[in-house]
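Here is a relaxed walk through one model, mostly about how its helices pack. Have the coordinates open as you read.

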Amino acid sequence: METADLEQFLPTNVLVTGRDIIFLWVSRMMMLTKKFTGKIPFNDVLITGTVLGKDGKPMSKSRGNGVDPIEMFEKFGVDATRIYLASIATGADIKWNDLLIETYRNFANKIWNATRFCLLNSDGAVVKEISAEDLDGLSLADRWILSRLHRTAIDVNRSLDKYEFHTAVSLLYHFFWDDFCDWYIELKKDEINAGDRAASTFILSILENALRLLHPFMPYLTE
């Protein structure tokens, strides 16, 4: 491959790697690419921690402390395992913990049940974009959940820009479970059960935006 062919791939956005190969591979990739193309190979380097076995030691076949991902998928679900891994992506080494995956399986159930409630009471309701003109007719509860959704979206995007995946997961978890399910659905439940089409339309619109925010972490469930 000619140098000109290489240059069309440079630079990439981000290299995700462990700290144990920074000097073995990452620095070599940087120096060799700079030498042969005059360009840097990537703009950002994200250094991840190591997921250790339950005994706090690196996973290995000889120790027998490894984790079978297929077993985790079957027991807790792919999305619960995926968002758990994102929640521990702090850059520090961390021990594998099945109980925390169970927490996110329960979170997936919460999302499913909340969505089921919204859809079962959605006759005639449609998802719509909420514009500034709609604000005058909103109740205090509607304005509150809308403000919480917007603040969460801003903070999640800011966290993703900085590769702080664990922060993004925490923000989404608390918005969906605490703000949306524990407060907003309970506040609007009587209106929705009574067949209020405007209330059903609004809650579906909030739900749809929340699922969009969750999609990178729980793609199968949110799809």
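How are helix 4 and helix 5 oriented to each other? They are oblique, where angles under 35 degrees count as roughly parallel, over 145 as roughly antiparallel, 65 to 115 as roughly perpendicular and the rest as oblique.

A word on where this comes from. This is a predicted model, in which local features need pLDDT of at least 70, side-chain atom pairs count only at pLDDT 80 or more, and totals for chains, interfaces and linings use all residues. Residues are numbered from 1 along each chain as its sequence is written, and side-chain values use heavy atoms, with hydrogens and water left out.

**Helix packing**

Helices here are DSSP runs (H or I, at least four residues), numbered from the N terminus. Their axes are lines fitted to C-alpha atoms over the stretch in contact, and angles run from 0 to 180 degrees between N-to-C directions. A crossing is left-handed if the near helix is turned anticlockwise from the far one by less than a right angle, and right-handed if clockwise.

Back to the opening pair. Helix 4 (residues 78-87) packs on helix 5 at about 120°, with the axes 8 Å apart. Their crossing is right-handed. Contact (heavy atoms within 4.5 Å) is made by Ala80, Thr81, Ile83, Tyr84 and Ser87 on the helix 4 side, and by Leu100, Ile101, Tyr104, Arg105 and Phe107 on the helix 5 side. Sorted by class, that gives 7 nonpolar, 2 polar and 1 charged residues. For these classes, Ala, Val, Leu, Ile, Met, Phe, Trp, Tyr, Cys and Pro count as nonpolar, Asp, Glu, Lys and Arg as charged, and the others, Gly among them, as polar.

Next, helix 5 (residues 98-120) against helix 8 (residues 197-214): the angle is about 150° and the axes are 10 Å apart. That makes helix 5 roughly antiparallel to helix 8. This crossing is left-handed. Helix 5 brings Phe107, Ile111, Thr115, Cys118 and Leu119 to the contact, while helix 8 brings Ile203, Leu204, Leu207, Leu211 and Leu214. The class count is 9 nonpolar, 1 polar and no charged residues. Phe107 turns up here and also in the contact with helix 4.

Helix 8 also meets helix 6, with axes that come within 11 Å and cross at roughly 15°. That makes helix 6 roughly parallel to helix 8. The crossing of helix 6 and helix 8 is left-handed. Asp142, Ile145, Leu146, Leu149 and Ala153 of helix 6 touch Phe202, Ile206, Asn209, Ala210 and Leu213 of helix 8. By class, there are 8 nonpolar, 1 polar and 1 charged residues in this contact.

**Cysteines**

A disulfide is a covalent bond between the sulfur atoms of two cysteines. How many disulfides does the model have? The count comes to 0, taking a disulfide as a pair of cysteine sulfur atoms within 2.5 Å. Why is there no bond for Cys118? Because its sulfur is 8.1 Å from the closest cysteine sulfur, in Cys181, too far for a bond. From the other end, Cys181 has its closest cysteine sulfur in Cys118.

**Buried and exposed**

The labels in the table follow relative accessible area: buried means under 20%, exposed over 50%, partly exposed in between (1.4 Å probe, protein chains only).

| Residue | Relative accessibility | Label |
|---|---|---|
| Cys118 | 2% | buried |
| Cys181 | 6% | buried |
| Asp179 | 10% | buried |
| Tyr163 | 25% | partly exposed |
| Glu74 | 68% | exposed |
| Asp136 | 70% | exposed |

What does Asp179 touch? This residue of helix 7 (residues 165-193) has contacts with Trp144, Ile145, Arg148, His174 and Tyr184, not counting residues up to four places away in sequence. Ile145 is also one of the helix 6 residues in the contact with helix 8.

Tyr163 is in the loop between helix 6 and helix 7. Its phi is near 60°, a positive value in a residue other than glycine.

As for the exposed pair, Asp136 is in the loop between helix 5 and helix 6 (140-161). Asp136 is 16 residues from Thr152 in sequence, and their C-alpha atoms are 22 Å apart. Glu74 belongs to helix 3 (residues 69-76). Between the C-alpha atoms of Glu74 and Ser200 there are 34 Å, with these positions 126 residues apart along the chain as a separation.

Technical notes. Helix = DSSP H or I, 4+ residues; strand = E, 2+ residues; numbered from the N terminus.
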